[in-house]
Amino acid sequence: MRDGRLMKNSRQIGRLAMLAALLLLPFFRLWGQDVMPRLPEPLEPLHIADETKGMHRGMRLITVHDSLPASFVHSLDNVIEDEYRSLSPFFQKLNHMNSPVRVVHIGDSHVRGHLYPLITRRRLEDDFGTEAVFPDTISYRTSGLARETGEPGVVYHICGINGATSATFSDLEKINEIAALQPDLIIISFGTNEAHSRRYQVQDHRMQMDRLLGMLKNACPDAVYLLTTPPGAYVGRRRSRSVNPRTVMAARTIKEYARNAKLAVWDIYNIVGGKTDACRNWTRHRMLRPDGIHFTPDGYRLQGNLLHQALIKTYNEYVATGLE
């Protein structure tokens, strides 16, 4: 009988020990997992006077990677030449981002096709936000103008005309249309059609650019300007085609004009290979269409990415050097 009571007591002690172990098990688990301590109260949002969400987004360096293929022969560093830092007012507005910051990109058929500047626009929207424009679909058949929401952010308008030269836009009606968009930055992309003419003259080209820039500056006194060189083209029939020898003169004329006028210039022509290899690089990578002038979608996508990357490199330099 005594043995029976001992056995019964042993079973009760075993049950109590098992229950104690189960109760203590969560505490051992918490200790082993190094659990994040719970905050006593939710954190209040941080408020900084006179700054906006967009400003915090802007005051940082933006990661950018060159997309220029390593196999492009005789290529140069993809940068914007801006010795006089003429683009600083535009980058300052990007930093503050307390209102829409507007870009108007004018040019020839390369711009009119929309894909090349649209890639640049989308990349800038990725960097600085999409709140300023409605998410409209843009194709060759649609307008390239952005519809604004009124919110702060980048607004990138595309205004191209097939066959256009600088002289094409030196028209009061077109200038007024550009001015109505209230641009902070005007990107000017011509040179292909100027160079395509066998009667190309450097002096005429310079005079046409000077007239266009003079009209734009009068109509858009607060805008800054970025000139771009043509990407390169062939001339002649397909079987007897040769690299257009006048493109190098047109590109040089644009660069010299920009330097003399203290404007920024993006020299894509020499960046992708220049006189000896620009066209060959495009052709080798199957980025030129059969006409030897226009580009495939891949060619225009590359140009759009390169322009975006060059802009962001210059923007990063502005932020890093504290030119505010």
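What percentage of the 324 residues in the protein chain do buried residues make up? Buried residues account for 46% of them. Keep in mind, as you browse the views below, that this is a predicted model.

**Figure 1. The whole chain, with its twelve helices and seven strands.**
Before we zoom in, here is the overall picture. The protein chain has about 18400 Å² of accessible surface, and carbon and sulfur atoms hold 55% of that area. Among the contacts with a separation of 6 or more, 77% are between residues 24 or more positions apart. A search of the whole structure also turns up four cavities of 30 Å³ or more, and two of the cavities have views of their own below, as does the largest pocket.

**Figure 2. The largest pocket, with a volume of about 160 Å³.**
Lining this pocket are Ser109, Gly113, Leu115, Tyr140, Asn162, Arg289, His294, Phe295, Thr296, Pro297 and Tyr300. By class, the lining of the largest pocket is made of five nonpolar, five polar and one charged residues. Pro297, one of the lining residues, is also where helix 12 (297–320) begins.

**Figure 3. The largest cavity, holding about 80 Å³ of space.**
Thirteen residues line this cavity, and those closest to its centre are His110, Ser189, Thr228, Thr229 and Pro231. The lining of the largest cavity splits into six nonpolar, six polar and one charged residues.

**Figure 4. The second largest cavity, with about 70 Å³ of space.**
Around this cavity sit Ser166, Ile188, Phe190, Gly191, Glu194, His205, Met209, Leu212, Leu213, Leu227, Thr228 and Ile254. Helix 8 gives the largest share of the lining, four residues, and both helix 8 and strand 4 supply at least two residues each. Sorted by class, the lining of the second largest cavity has seven nonpolar, four polar and one charged residues. Thr228 is worth a second look: this residue lines the second largest cavity, and Thr228 is also among the residues closest to the centre of the largest cavity.

**Figure 5. Serine 170, in the loop between strand 2 (153–160) and helix 6 (172–180).**
Is this loop serine buried or exposed? Serine 170 counts as buried because its relative accessibility is 12%, and buried means under 20%. A polar atom of the serine 170 side chain lies 3.1 Å from the backbone oxygen of serine 166. Serine 166 is itself part of the lining of the second largest cavity. Beyond its neighbours within four places in sequence, serine 170 is in contact with Gln208, Arg211, Leu212 and Met215. Of these partners, Leu212 also lines the second largest cavity.

**Figure 6. Cysteine 220, in the loop between helix 8 (202–219) and strand 4 (224–228).**
With a relative accessibility of 5%, cysteine 220 counts as buried. Setting aside neighbours within four places in sequence, its contacts are Ile178, Ala179, Pro183, Ile186 and Tyr225. The view also takes in aspartate 184, which is 36 residues from cysteine 220 along the chain, with 8.5 Å between the two C-alpha atoms.

**Figure 7. Serine 86, in the loop between helix 2 (53–58) and helix 3 (88–96).**
Serine 86 has a relative accessibility of 16% and so counts as buried. Which backbone atom does its side chain reach at 3.4 Å? The serine 86 side chain reaches the backbone nitrogen of alanine 264. Away from its neighbours within four places in sequence, serine 86 is in contact with Val224, Tyr225, Lys262, Leu263 and Ala264. Tyr225 is a partner of cysteine 220 as well, which links this view to the previous one.

**Figure 8. Lysine 262, in the loop between helix 9 (247–260) and strand 7 (264–266).**
Here we meet one of the contact partners of serine 86. Lysine 262 is not a glycine, yet its phi is positive, at about 60 degrees. At 47% relative accessibility, lysine 262 counts as partly exposed.

**Figure 9. Arginine 286, in the loop between helix 11 (274–284) and helix 12 (297–320).**
This view shows another backbone detail to check. Arginine 286 has a positive phi of about 55 degrees, although this residue is not a glycine. What is the relative accessible area of arginine 286? The value is 73%, so arginine 286 is exposed.

Definitions and conventions: Residues numbered from 1 in each chain as written. Heavy atoms only, no water. 1 Å grid on protein atoms, 1.4 Å probe; cavity = no way out; pocket = protein on both sides within 12 Å on 5 of 7 lines; lining within 4 Å. Points joined across faces, edges and corners; volume = space filled by probe spheres on them. Nonpolar A, V, L, I, M, F, W, Y, C, P; charged D, E, K, R; others polar. Buried < 20%, exposed > 50% of the residue type's maximum accessible area, 1.4 Å probe, protein only. Contact = heavy atoms within 4.5 Å. Areas by Shrake-Rupley, 256 points an atom, 1.4 Å probe, with all protein chains shown as cover. Polar contact = N/O pair within 3.5 Å; in protein donor to acceptor, adjacent residues only side chain to side chain.
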